[in-house]
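Walk through this structure with the sequence alongside. The route goes from aromatic rings to an annotated span, and then to some backbone details.

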Amino acid sequence: MTVPLVSLSNLSTEPSPSPQVAAIWEALCAEAVNASAKDAALTRAMNSAVLYHASFAQALAQRVAIKLANHDLDIEELLAVIAQAFVGNRNIVADAAADLTAIKERDPSNTEILTPFLYFKGFVALQGQRVAHWLWHHDRLHLARHIQSRISEVFGVDIHPAAKMGRSIMLDHGSGLVIGETAVVEDDVSILQNVTLGGTGKETGDRHPKVRRGALIGAGAKILGNIEIGVGAKVGAGSVVINAVAAYTSVAGIPARQVGKRHFNLPGITMDQTLSEPEYTI
């Protein structure tokens, strides 16, 4: 499929951003100005990463390109590819803004937009995967694989370009995360470090987990096979899950089994990692 060339400048001439994207951009600029005022050593970095850009899309494209560029594809080449994806699917930028909002609201160690935008590898890795996903569905498979490989090398996060990722997702820490080709991660999910959404062997076809809206996956959990992790489910840290998990239930252990009582919230949003009767923390 032939895709028209797009430059970074095109991103500032796109239609008006959504209110959420506009709010994220305003907050990002204000926080960058404040960071620069507090420490002059950061002035050049804040200008380059945020303040010299005309839009959130431009700043995001450059951030991803800087992190993933190497001798095979330099920054300018990657910027052109990322700009194509952003113009080809405007939801990518909106989803990134939703991810930043989710991180600010859910991560107790962070109270702003600037820090995850600049420094959280889970966030940047996810935005790179969104670009690779767009490329994958435009028959640019090797370029998508290149970006997947660079994300894995730079961030230690390996998400297949074909995996379907929703919005308002928090990949907390991100280190050691592996998500397979036919996996689905829906909106409002939070996943901690060293999680695997994998297959069970050499089977082909639809073979990876489907994580439904608002689920919370604890650190080190291994979820294997074409199984469903239901809406609002919790998977305990270090668990090995080989069977479906019902909506609004919690599982833990090896192999994972249901623990505690059924709940009625979305722990992927609330980040509620505790269980009552019996008391348990994932």
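**Rings, a domain and three loops**

Phe117 is buried, at 0% relative accessible area. This is a predicted model, and Phe117 is a good place to enter it.

What does Phe117 pair with? Phe117 and Phe123 form a tilted aromatic pair. Their ring centres lie 6.4 Å apart, and the planes meet at 45°. That pair counts because its centres fall within 6.5 Å. It is called tilted because an angle of 45° is neither under 30 degrees nor over 60. Both Phe117 and Phe123 are buried.

By the ring-pairing rule, there are two aromatic pairs in the count. The other partner of Phe117 is Phe56. Here the centres are 6.1 Å apart, with 45° between the planes, so this pair is tilted too. The contact joins distant parts of the chain. Phe56 sits in helix α3, residues 56-68. Phe117 sits in helix α6, residues 114-119. The two residues are 61 residues apart. Phe56 has a relative accessibility of 2% and therefore counts as buried. Taken together, the ring pairs link Phe56, Phe117 and Phe123 into a cluster.

Next, the annotation. An unreviewed UniProt entry places the feature "domain: Serine acetyltransferase N-terminal" at residues 24-128. In the model, that span is 77% helix and 0% strand. Its end C-alpha atoms lie 19 Å apart.

Now turn to the backbone. Where does Ser168 sit? Ser168 lies in the loop between β2 (164-165) and β3 (170-171). Its phi is positive, about 55°, although Ser168 is not a glycine. Ser168 has 15% relative accessibility, so it counts as buried.

Asn194 also has a positive phi, near 60°, and is a residue other than glycine. Asn194 is placed in the loop between β6 (190-191) and β7 (196-198). Is Asn194 buried or partly exposed? With a relative accessible area of 38%, Asn194 is partly exposed. The value falls between the cut-offs of 20% for buried and 50% for exposed, which is why Asn194 gets that label.

The last stop is a peptide bond. From Ile254 to Pro255 the bond is cis, with omega near -10°. Pro255 belongs to the loop between β14 (250-252) and β15 (257-259).

Methods
Residues numbered from 1 in each chain as written. Predicted model: local features only at pLDDT ≥ 70, side-chain atom pairs only at ≥ 80, totals over all residues. Heavy atoms only, no water. Phe/Tyr/Trp six-rings, centres within 6.5 Å; stacked < 30°, edge-to-face > 60°. Helix = DSSP H or I, 4+ residues; strand = E, 2+ residues; numbered from the N terminus. Buried < 20%, exposed > 50% of the residue type's maximum accessible area, 1.4 Å probe, protein only. UniProt positions renumbered as here; feature names shortened; annotations may be inferred.
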